[in-house]
Amino acid sequence: MTRYGMAIDLNRCFGCQACAAACKIANNLPKGLSYNVVYTKNDDDYTYPGTAVAKGALINDSAGGAFPDCSLSFFPLGCQHCANPSCVAVCPTGASSKGENGIVSVDSELCIGCGSCIKACPYGVRTLIGEDVEYYLDLAVGEVDAPAHKIDTVEKCTFCKNLIERGEEPACMQLCPGRARYWGDLDDPTSDPNVAAQGREVLHYLEDEGTEPSVLYLR
Ligand code: SF4
Ligand code: SF4
Ligand code: SF4
């Protein structure tokens, strides 16, 4: 079995947002939709409970500490492709599912836009595509097989499964100048994310939620 996952080295990420931009372009994401957001953190507390609090706290774009001993750190956040995904458990139509490779997907043909998964996901990474969807350009950008963005359906990071299926890595991996991201099979002890995690403190974000995320944050 394969369980695709990612390690993100928080000591290497310097908040350049290249991963967020690469994701938006590769997936032809419209305005207001980001699968991958690089939040700014101003303290060392990663235990924020709940989506609204977590996002509000993470998005605070200011340094922590007292001058001149200030600090600033970054926290890239997207779908955690959980091994025990709460979004899948509540989906009434089977639109949200977890594949044998560990990737959690949304089938836009089955999604009825009920929003249950948005409420159930503790990470706040799902978005309902509204009727006012608007693009930056009149032409589609990114990969030719980028996901279609269907009104009244829910979307989130796909781990760029279209790229993975042809042997490439997710778009956020490809541009990271900090070399902060590692991609591979979490069930393989020799995979890049597992090797990168050796000897490091590994944070499973909001692990008290019981979702068993497949993104490992290295500290
Ligand atoms: Fe589902 Fe949220 Fe986990 Fe992604 S992060 S698999 S949307 S519960
Ligand atoms: Fe499932 Fe779509 Fe409802 Fe989410 S919005 S729970 S994916 S049917
Ligand atoms: Fe951090 Fe890499 Fe994303 Fe830049 S591209 S914000 S260094 S994870």
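A molecule sits in a cavity or pocket if more than half of its atoms lie within 2 Å of the grid points of that space. By this criterion, ligand 3 of the present structure, a predicted model, sits in the second largest cavity. That cavity has a volume of about 100 Å³. Its lining is made up of 15 residues, and Cys13, Cys16, Cys19, Cys176 and Ala180 are the ones nearest the centre. By residue class, the lining of the second largest cavity comprises ten nonpolar, three polar and two charged residues.

The shell around ligand 3 can be read alongside this lining. From one stretch of the chain come Cys13, Phe14, Gly15, Cys16, Gln17, Ala18 and Cys19, and the shell also holds Val38, Cys176, Pro177 and Arg181. Cys13, Cys16, Cys19 and Cys176 thus appear around the ligand and also among the residues nearest the centre of the cavity. Eight residues of the shell around ligand 3 are nonpolar, two are polar and one is charged.

The other two ligands invite a similar look. Around ligand 1 there are 13 residues, with Cys79, Cys82, Cys87, Cys121 and Arg126 closest. This shell contains eight nonpolar, three polar and two charged residues. Ligand 2 has 15 residues around it, and those that come nearest are Cys91, Cys111, Cys114, Gly115 and Cys117. In the shell around ligand 2, nine residues are nonpolar, five are polar and one is charged. Cysteines therefore recur in the accounts of these shells, with Cys79, Cys82, Cys87 and Cys121 among the closest residues to ligand 1 and Cys91, Cys111, Cys114 and Cys117 among the nearest to ligand 2, where cysteine is placed in the nonpolar class.

Attention now turns to the enclosed spaces as a set. Rolling a probe the size of a water molecule over the atoms shows where empty space is left. In this model, four cavities reach 30 Å³ or more. The largest of them has a volume of about 180 Å³. It is lined by 21 residues, and Asn36, Cys157, Phe159, Cys172 and Arg181 are the closest to its centre. Two or more lining residues come from each of strand E1 (4-9), strand E5 (73-77), helix H6 (171-175) and strand E12 (215-218). The class composition of this lining is 15 nonpolar, five polar and one charged. Arg181 deserves a second mention, as this residue is listed close to the centre of the largest cavity and also in the shell around ligand 3.

Among the open spaces, the largest pocket holds about 260 Å³. Its lining consists of 19 residues, with Tyr35, Val106, Pro147, Thr158 and Lys161 nearest the centre. At least two lining residues are supplied by each of strand E7 (104-106), strand E9 (154-155) and helix H5 (161-164). Of the contributing elements, E7 gives the most, namely three residues. Eight nonpolar, six polar and five charged residues make up the lining of the largest pocket.

Some individual residues round out the picture, beginning with two buried side chains that have polar partners in the backbone. Asp9 belongs to strand E1, an element that also contributes to the lining of the largest cavity. Asp9 has a relative accessibility of 4% and so counts as buried, the cut-off being under 20%. A polar atom of the Asp9 side chain lies 2.9 Å from the backbone nitrogen of Asn11. Thr153 occupies the loop between strand E8 (127-128) and E9. With 3% relative accessibility, Thr153 is likewise classed as buried, and its side chain reaches the backbone oxygen of Lys150 at 2.6 Å.

Two further residues stand out for their backbone geometry. His81, in the loop between E5 and helix H3 (86-90), has a phi near 45°, a positive value in a residue other than glycine. Because its relative accessibility is 0%, His81 counts as buried. Arg179 is also not a glycine, yet has a positive phi of about 50°. This residue is placed in the loop between H6 and strand E10 (181-185). In contrast to buried His81, Arg179 counts as exposed, because its relative accessibility is 54%.

Technical notes: Residues numbered from 1 in each chain as written. Chains lettered and ligands numbered in written order. Predicted model: local features only at pLDDT ≥ 70, side-chain atom pairs only at ≥ 80, totals over all residues. Heavy atoms only, no water. Near = heavy atom within 4 Å. 1 Å grid on protein atoms, 1.4 Å probe; cavity = no way out; pocket = protein on both sides within 12 Å on 5 of 7 lines; lining within 4 Å. Points joined across faces, edges and corners; volume = space filled by probe spheres on them. Helix = DSSP H or I, 4+ residues; strand = E, 2+ residues; numbered from the N terminus. Buried < 20%, exposed > 50% of the residue type's maximum accessible area, 1.4 Å probe, protein only. Polar contact = N/O pair within 3.5 Å; in protein donor to acceptor, adjacent residues only side chain to side chain.
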